Amino acid sequence: MSKLLGRLTLGAICGFIALWLVAPTLVIIPMSFADRQSLAFPPTGFSLQWYKNIFTDAAWSGSLWTSIKIGSVVAVLATAIGAMAALGIHRMQSRAGAVIRLMLLTPIIIPGVVLAVGIYAVCLQTHMVGTYSGFILAHTLLAIPFVIIAVGASLAMFDNRLETAAASLGASKLSTFFSVTVPLIMPGLVSGAIFAFVTSFDEVVVSLFIASPQIKTLPVQIYSSMTRDSDPTVAAIGTLMFAATLLAVSASFFFSSKGRKS
């Protein structure tokens with residue numbers, strides 16, 4: 001009885017903390033259905049015009065499509081680079097590997113504004129400000145640490161004897177990698193790719209520095225809209241982003257837990 005009561009108490013506390021953390025985000029959901037062009041809570045009426053505006057207004061639809069394209073490329077690049085880095089660190093099994101891992105995780109530790117200034121300076125020198133290549137390289141830099149963490153978690157439970165067994169049966173290193181290693185760390189790869197896409201899709205600080213009038217990501221468009229007016233389209237796109245991010249993170253945890261069970 002006491003154990004059941006303890007679990008219920010712990011669950012209630014966790015639920016309260018989770019609700020407290022997401023409450024500010026949940027407020028925008030009813031605001032996105034407002035019938036007036038103002039960010040008022042609670043709304044006085046119901047309308048879907050702001051969701052329609054996302055796909056009919058060129059500025060919103062263009063920035064959304066730009067974020068999707070950049071995020072997709074970043075997910076592929078960051079997953080490939082981060083997976084190779086995580087695999088190399090795992091096989092080093094030394095202090096040098098720990099130091100390298102710490103260095104590769106610095107984009108998470110360094111304040112975003114400081115990192116944005118450095119990226120902007122490099123992009124300015126290489127004429128990549130306001131270009132797709134500049135966005136992709138900058139966002140890949142920010143996304144790689146999350147891939148390293150996700151793939152590293154899968155590699156922590158990886159049995160190296162399986163690769164040895166494959167080699168003893170005549171498999172080449174390349175064949176062993178694709179037939180043994182990749183399938184076993186696939187949950188980490190999928191989780192890393194999802195986190196990389198979400199990191200690129202939600203990034204705003206660095207994007208503000210390297211954006212141009214021709215190329216804007218969705219977070220930059222949201223920031224620009226909020227500085228000009230109180231368009232409820234911001235609440236509508238925020239609701240969609242919240243739902244998409246929640247689904248992506250849930251999928252990531254699903255694949256991670258699946259990998260741990262296998």
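Buried here means under 20% relative accessible area, exposed means over 50%, and partly exposed is whatever falls in between. Keep those cut-offs handy for the legends below, and bear in mind that the model is a predicted one.

**Figure 1. The whole protein is a run of helices, with 13 of them and 0 strands.** Reading along the sequence gives the pattern α-α-α-α-α-α-α-α-α-α-α-α-α. Taken along the principal axes, the C-alpha atoms fill a box of roughly 70 × 65 × 30 Å. The protein has 262 residues, and 37% of them count as buried.

**Figure 2. The stretches that UniProt lists as "transmembrane region" include residues 99-122 and 134-156.** The full list, which comes from an unreviewed entry, is 64-87, 99-122, 134-156, 177-198 and 234-255. So what do two of these stretches look like in the model? Over residues 99-122 the chain is 88% helix and 0% strand, and the C-alpha atoms at its ends sit 25 Å apart. Residues 134-156 come out as 100% helix and 0% strand, with 33 Å between the end C-alpha atoms.

**Figure 3. Helix H4 crosses helix H10 at roughly 135°.** H4 covers residues 58-92 and H10 covers residues 173-202; their axes come within 7 Å of each other. Angles over 145 degrees would count as roughly antiparallel and 65 to 115 as roughly perpendicular, so this pair lands in the oblique class. The crossing of H4 and H10 is right-handed. What kinds of residues make up the contact of H4 with H10? By class there are 14 nonpolar, 7 polar and 1 charged residues.

**Figure 4. H10 also meets H8 and H9, and the H8 and H10 axes come within 8 Å, while those of H9 and H10 come within 10 Å.** H9 and H10 cross at roughly 160°, which makes H9 roughly antiparallel to H10. H9 passes H10 in a right-handed crossing. Helix H8 (residues 132-156) crosses H10 at roughly 155°. That angle is over 145 degrees, so H8 and H10 are roughly antiparallel to each other too. The H8 and H10 crossing is right-handed as well.

**Figure 5. Phe-197 and Phe-201 form a stacked aromatic pair.** The structure holds 2 aromatic pairs. In the Phe-197 and Phe-201 pair, the ring centres are 5.7 Å apart and the planes differ by 20°. Planes under 30 degrees apart count as stacked, and that is why this pair gets the label. Both residues belong to helix H10, and because they are 4 residues apart, about one helical turn separates them. Buried or exposed: where does Phe-201 fall? Phe-201 has a relative accessible area of 10%, so it is buried. Phe-197, at 26%, is partly exposed.

**Figure 6. Phe-158 sits in the loop between H8 and helix H9.** H9 runs over 161-168. Phe-158 is buried, with a relative accessible area of 10%. How far apart in space are Phe-158 and Thr-181? They are 23 residues apart in sequence and 8.4 Å apart from C-alpha to C-alpha.

**Figure 7. His-127 has a positive phi of about 60°, although it is not a glycine.** Look for His-127 in the loop between helix H7 (112-125) and H8. His-127 has 68% relative accessibility, so it counts as exposed.

**Figure 8. Thr-66 and Val-151 are two buried residues, with Thr-66 at 8% relative accessible area and Val-151 at 0%.** Thr-66 has its place in helix H4. Its partner in this panel is Leu-218, which is 152 residues away in sequence but 7.5 Å away in space, C-alpha to C-alpha. Val-151 lies in helix H8. Val-151 and Met-84 are 67 residues apart along the chain and 9.3 Å apart in space, again C-alpha to C-alpha.

Terms used. Residues are numbered from 1 along each chain as its sequence is written. This is a predicted model: local features need pLDDT of at least 70, side-chain atom pairs count only at pLDDT 80 or more; totals for chains, interfaces and linings use all residues. Side-chain values use heavy atoms; hydrogens and water are left out. Axes are lines fitted to C-alpha atoms, for helices over the stretch in contact, and angles run from 0 to 180 degrees between N-to-C directions. Helices (H or I, at least four residues) and strands (E, at least two) are DSSP runs, numbered from the N terminus. Angles under 35 degrees count as roughly parallel, over 145 as roughly antiparallel, 65 to 115 as roughly perpendicular and the rest as oblique. A crossing is left-handed if the near helix is turned anticlockwise from the far one by less than a right angle, and right-handed if clockwise. Ala, Val, Leu, Ile, Met, Phe, Trp, Tyr, Cys and Pro count as nonpolar, Asp, Glu, Lys and Arg as charged, and the others, Gly among them, as polar. UniProt positions are given in the numbering used here, feature names are shortened, and annotations may be inferred rather than shown by experiment. Rings of Phe, Tyr and Trp (its six-membered ring) pair if their centres lie within 6.5 Å; planes under 30 degrees apart count as stacked, over 60 as edge-to-face and the rest as tilted. Buried means under 20% relative accessible area, exposed over 50%, partly exposed in between (1.4 Å probe, protein chains only).
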